[in-house]
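Work through these exercises with the structure open beside you. Try each task before reading its solution.

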There are 2 protein chains.
Amino acid sequence: MANDGSDTTPWLTPQERRAWLSIAALIVKLPNALDAQLQSDSGIGFFDYMVLAVLSEEPRRTLQLSDIAAATSASLSRLSHTVTRLERQGLVRRERIPGPGRRTNAVLTDEGYAKVVAAAPAHVRRVRDLVIDALTPTQLRTLGTVGARVIERIDPGRSCSDD
Amino acid sequence: MANDGSDTTPWLTPQERRAWLSIAALIVKLPNALDAQLQSDSGIGFFDYMVLAVLSEEPRRTLQLSDIAAATSASLSRLSHTVTRLERQGLVRRERIPGPGRRTNAVLTDEGYAKVVAAAPAHVRRVRDLVIDALTPTQLRTLGTVGARVIERIDPGRSCSDD
DNA sequence: CGTCCTAACTTGAAGCATCAAGTTAGGCCC
DNA sequence: GGGCCTAACTTGATGCTTCAAGTTAGGACG
């Protein structure tokens, strides 16, 4: 129970530790901050917003559930529950795909589209305030690169696309 | 409803957008990955682990609830519920502070201490694999700096200390 | 053409987080 | 020393996430 996979466990150096503390705080606080902004300004959570946003960028405002799940880094189960809720709010609608297998699309309704359009400006502004405009272009670039690198480590072989 | 706080909402440039997509994926996936590792190796969530870890670094393995909440970026309510659960598992114990006000300490039990000690190596290894060792020292340094900067924007005036 | 198989989704229960209301223990002020 | 105030928690309800188990629609194999 005290040896989970290695005899030698190199602890963090003071520099590494300091960096890690900042990163840990970041990945806790940034999602909270974005959730809070969207919740209070538009009555919607960050994840729900991402789902609507992803759909709004599709030509037919339509995407298969498993593709949405991949785009938002969520489990299919989570997504299914979420789509059920969004459906109840009239923002989205389900649609069976006729072909082979048991595939289902989610389609953004007009009301759903209006919701994202209404929510986006304040959301983007907050993202700018907290992240984009807080950093130099070089820092932002590094952050993007570094994020992609870590993501690649988490699940090797994936692209990314959400908002 | 279409104008949440500004007439001119500068959208993201393609570079900014690409960076933001990486960052968004990062703040969703990294917590999930850490949670999954801790859950499967030690049967404990990331947040619970942080609470125990913070306590384990105190001289008397004791800290006031509101200080733990601050150190882990959580609400007092969330922390109180969590401490109740940890208490039920025998990992922590509550202790009223006699002085003024209605202050309460959480104290790490021996069992709780054993738990963190057992969980830490695999957790640290995962943090190394995913983040620390995936980046150059310069990138890590930048990431730390940048994290601190964003945190400062989120709630101005705070230090950080957790694991 | 029937059985097995897989991929994609659904569902229900259990756990965890959040929000809004309480509660509690002293200070403060007259 | 009685009423009021604040800070620090606690609690219960509600909602979201996860987990494990189920369901469904074809395809492949024999």
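Accessible areas come from the Shrake-Rupley method with a 1.4 Å probe, and for residues only the protein chains shown count as cover. The model is predicted: local features need pLDDT of at least 70, side-chain atom pairs need pLDDT 80 or more, and totals for chains, interfaces and linings use all residues. Residues are numbered from 1 along each chain as its sequence is written, chains are lettered from A and ligands numbered from 1 in the order written, and side-chain values use heavy atoms, without hydrogens and water.

**Exercise 1. Describe the surface and fold of chain A.**

Step 1. Take the surface. The accessible surface of chain A is about 8,100 Å². Carbon and sulfur atoms hold 50% of that surface.

Step 2. Look at burial (buried means under 20% relative accessible area, 1.4 Å probe, protein chains only). Chain A has 163 residues, and 51% of them are buried.

Step 3. List the elements. Helices (H or I, at least four residues) and strands (E, at least two) are DSSP runs, numbered from the N terminus. Chain A has six helices and three strands. Their order from the N terminus is α-α-β-α-α-β-β-α-α.

Step 4. Add the extent. The C-alpha trace of chain A spans about 55 × 40 × 30 Å along its principal axes.

**Exercise 2. Identify what faces DNA strand D.**

Step 1. Collect the residues around the strand (a heavy atom within 4 Å of it). There are 22, and the nearest are A:Arg78, B:Ser66, B:Arg94, B:Arg102 and B:Thr104.

Step 2. Split the DNA side. Sugar or phosphate supplies 58% of the strand D atoms within 4 Å of the protein, and bases supply the rest.

Step 3. Check polar contacts (pairs of N or O atoms within 3.5 Å; within protein, one must be able to donate a hydrogen and the other to accept it, and residues adjacent in sequence count only if both atoms are side-chain atoms). The side chain of B:Arg94 places an N or O atom 2.6 Å from a phosphate oxygen of strand D. For B:Ser80, the distance to a phosphate oxygen is 2.9 Å. A:His81 instead has a polar side-chain atom 3.1 Å from a base oxygen.

Step 4. Assign elements. α4 (76–88) of chain A, with α3 (65–71) and α4 (76–88) of chain B, each give two or more residues to this surface. α4(A) gives the most, with five.

**Exercise 3. Which element gives the most to the surface near DNA strand C?**

Step 1. α4(B) gives the most, with five residues.

Step 2. Find a base contact there. A side-chain N or O atom of B:Ser77 lies 2.7 Å from a base nitrogen of strand C.

Note on methods: Buried means under 20% relative accessible area, exposed over 50%, partly exposed in between (1.4 Å probe, protein chains only).
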